[in-house]
Amino acid sequence: MKILLTGGAGYIGSHTAIELLTSGYEVVIVDNLRNSKASVVDRISEISGQAPSFYELDVADYAALDTVFKQQQPDAVIHFAGLKAVGESVADPLLYYQLNLLTSISLCRAMADNNVTSLVFSSSATVYGEPERIPLDENCNATKATNPYGRTKIIIEQMLRDLCDAKPEFNVVLLRYFNPAGAHPSARLGEDPKGVPNNLVPFLTQVAVGLRDELVINGDDYPTEDGTCVRDYIHVQDLARGHVAAIRKLQSNCRLVTYNLGTGTGHSVNEVVAAFELATHQHLPRTIGPRREGDVPTSYTDPSLAERELGWKAELTIEDICRDAWRWQAENPAGYP
Ligand code: UD1
């Protein structure tokens, strides 16, 4: 089977490409390299021992994408491509609506026009906004995102539901990720954010490697056990396996189904820092700062639906995440060449 990955040179896409290649799938990567580098594709080949096909192009460029579909005739698509920085989406909402929505529309058109009707979409737990209950399950209200980035995910999810209603031949798996973190155990692939990282784990690794002076913990007066926010950190390797399970699910003519991908366990910022110090044998300089706007105190999933229906569950721990993220950062202090 041949799987086309939009954004396949990105953080989650590249780890998934390896998991697919080593599970016997052929992989076609389409990426405009806006937030990634061509060297990622070389490293995917190096780790998996197999070369994916690679096209440097914009998914929003329908004519170019249609040509790839005609040449490659993929059996299914995983749609990772998109912008994902919350703060940037607040500052430049039109960029997010334009890029994330036009990309998704162009992709769905190319799929429909080429009779490719199996799709996995990268959604996010951000669609739940302020959680109505904890743990979050797939039936929780998923229309309450608090920022434009999250609203693009909600709109794309809805567009895919409408598409499946209109075209019964389509099968779609929506995957709502909790907090992806960690890196490939080879230390050859990892998260390589541009500029100051927004997310906790890449910020921690940059402090540990000396690129940043200290971690600022965004508030310690939340209604949680130690006052810092609690999240469900999922190792990117577990997440990659989740995509392979979703591809298998598409074979069962599933129509549109939705799964939360997380571990089911929450860890506070202080707990992540402690796990990181243990993994790296370093003391991490840190201070307590003000709360960050839009942060909810606690978010973690009930992962049981994915376990029942995809036969998938997360296996790696926060310690694994910290160890692998650190090895990646230590061996690639400036990210990808
Ligand atoms: C964020 C996004 C979410 C996105 C996800 C992708 C927000 C509100 N949410 O989730 O939409 O899908 O990233 O992974 O931005 N923290 C610090 N200091 C730091 C960085 C983070 O204390 O320097 C804290 C945060 O305040 C938060 C926790 O660490 O309490 C996790 O933060 P982060 O990694 O940004 O994830 P989310 O906010 O959960």
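In the predicted model, Lys153 is located in helix α6, which spans residues 148–166. This lysine is buried but takes part in no salt bridge. The nearest side chain of opposite charge belongs to Glu157, at a distance of 8.5 Å. Because a salt bridge requires a side-chain nitrogen within 4 Å of a carboxyl oxygen, the 8.5 Å separation from Glu157 does not qualify. The side chain of Lys153 instead reaches the backbone oxygen of Ser122, at 2.8 Å. When residues up to four places away in sequence are left aside, Lys153 touches Phe121, Ser122, Ser123 and Val127.

Glu157 itself is paired with Arg176 in a salt bridge, with 2.8 Å between the closest N and O atoms. This pair links distant parts of the chain, since Glu157 lies in helix α6 and Arg176 in strand β6 (residues 171–177), 19 residues apart. Glu157 has a relative accessibility of 1% and counts as buried. Arg176 is likewise buried, its relative accessible area being 3%. Both values fall under the 20% limit for burial.

In total, the structure contains 16 salt bridges. One of them joins the side chains of Glu277 and Arg286, with an N to O distance of 2.7 Å. Glu277 counts as buried at 18% relative accessibility, whereas Arg286 is partly exposed at 35%. Salt bridges with shared partners also connect Glu132, Arg133 and Asp137 into one network. Within this network, the closest N and O atoms of Glu132 and Arg133 are 3.4 Å apart. Both residues of that pair are partly exposed, with relative accessible areas of 42% for Glu132 and 36% for Arg133.

The ligand is surrounded by 20 residues, of which Leu200, Asn218, Arg231, Arg292 and Asp295 are the closest. Two arginines place polar side-chain atoms at 2.6 Å from an oxygen atom of the ligand: Arg231 and Arg292. The backbone also contributes, as a polar backbone atom of Asn198 is 3.4 Å from a ligand oxygen atom. Taken alone, the ligand exposes 730 Å², and 88% of that area is buried by the protein. The elements that supply two or more residues to the surrounding shell are β7 (179–181), α7 (200–208) and β8 (215–218). Strand β8 provides the largest share of this shell, with four residues.

Terms used: Residues numbered from 1 in each chain as written. Predicted model: local features only at pLDDT ≥ 70, side-chain atom pairs only at ≥ 80, totals over all residues. Heavy atoms only, no water. Buried < 20%, exposed > 50% of the residue type's maximum accessible area, 1.4 Å probe, protein only. Lys, Arg positive; Asp, Glu negative; His and termini not counted. Polar contact = N/O pair within 3.5 Å; in protein donor to acceptor, adjacent residues only side chain to side chain. Contact = heavy atoms within 4.5 Å. Near = heavy atom within 4 Å. Areas by Shrake-Rupley, 256 points an atom, 1.4 Å probe, with all protein chains shown as cover.
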